[in-house]
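Take a look at the model below. Then read on for a short tour.

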There are 2 protein chains.
Amino acid sequence: MENTQTIDRNETRETISSEKVDGTAVYGRDGEQIGSVHHLMIGKRDGKVRHAVVSYGGFLGMGEDYFPLPWNELTYDESRGGYVVNRDVAQLKEGPRYRRDEEPSWDRAYESQLTGYYGAI
Amino acid sequence: MENTQTIDRNETRETISSEKVDGTAVYGRDGEQIGSVHHLMIGKRDGKVRHAVVSYGGFLGMGEDYFPLPWNELTYDESRGGYVVNRDVAQLKEGPRYRRDEEPSWDRAYESQLTGYYGAI
């Protein structure tokens, strides 16, 4: 019976609204919160999230910049209700970023740059 | 050369922000706008959009209710910058809905109900 309830609870939380994903916590490999999801970049046709745009401001002292992470860098942690990124903070700080008042082109060249950085570290 | 430019333009628009997807137009099979995307329901773990929650208010005279459509009911139309739903309006009007001041459980039973309705029509 207890097992059934656990399964039900997990199923209920399987999805999140695009309206509510902003602000979801992002944790580092040591379990400390390092930032939060600002928004997701979603494929218009296939409906697959490509990147989570993360803000480290207030946690890593990285100001207000946005850091786009390839989706496969994030692992959902049900118990904490947030995402874990299994990278060294120093590597994340050096990753591609953009200012809040700018917007990348999000074309294939830009996405390759993001994938290239995280694929190489 | 013209071909190359077309490809570049499409690539630039391949993704949309979770912040900006709300309000994207939804067209019926006859090409008329029938509603707009209110928000998306996204799998927290796999990052795949499961449902688009659509409002027909003002178009089909369906008031303020929300109608969750399985993602595979929507086909992105690049030229119009919106989604086409290849269903009869009468079928959409009879689909599962909920009031704005309510929120479904979004558990597996509810998702099966949605899939069942659109799989059967």
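The report below covers confidence, symmetry, one strand with its partners, and the core.

This is a predicted model. The predictor gives the complex an ipTM of 0.85 and a pTM of 0.87. Chain A has a mean pLDDT of 88, and 90% of its residues reach 70 or more. Residues 1–11 of chain A fall below 50. Where pLDDT is low, the predicted coordinates should not be read in detail.

Now the symmetry. A turn of 180° and a shift of 0.0 Å along the axis lay chain A on chain B, with an RMSD of 0.0 Å. The two copies are thus related as by a two-fold rotation axis. In chain A, the residue closest to this axis is Lys48(A), at 2.3 Å (C-alpha). The copies meet through the same surface, because 100% of the interface residues of chain A are also interface residues in chain B.

Next comes strand E3(A), residues 33–43. Ten of its eleven residues are buried. Its pairings are listed here.

| Partner of E3(A) | Bridges | Sense | Facing residues |
|---|---|---|---|
| E2(A), residues 25–27 | three | antiparallel | Ser36(A) and Ala25(A) |
| E4(A), residues 49–55 | six | antiparallel | Ser36(A) and Ser55(A) |
| E1(B), residues 15–17 | three | antiparallel | Met41(A) and Ser17(B) |

In the hairpin of E2(A) and E3(A), five residues lie between the strands, and Gly31(A) has a positive phi near 95°. The hairpin of E3(A) and E4(A) also has five residues between its strands; there Gly47(A) has a positive phi near 65°.

Last, the core. The largest nonpolar core holds 45 residues, and Leu69(A) is one of those that touch the most other members. Among the residues Leu69(A) touches are Val54(A), Tyr56(A), Leu74(A) and Tyr118(A).

Note on methods: Residues numbered from 1 in each chain as written. Chains lettered and ligands numbered in written order. Predicted model: local features only at pLDDT ≥ 70, side-chain atom pairs only at ≥ 80, totals over all residues. Heavy atoms only, no water. Core = buried A, V, L, I, M, F, W, Y, C linked by side-chain atoms within 4.5 Å. Buried < 20%, exposed > 50% of the residue type's maximum accessible area, 1.4 Å probe, protein only. Contact = heavy atoms within 4.5 Å. Least-squares fit on C-alpha atoms with pLDDT ≥ 70 in both. pLDDT = per-residue confidence, 0-100. Helix = DSSP H or I, 4+ residues; strand = E, 2+ residues; numbered from the N terminus. Pairing = 2+ DSSP bridges. Lists of a residue's contacts leave out its neighbours within four places in sequence.
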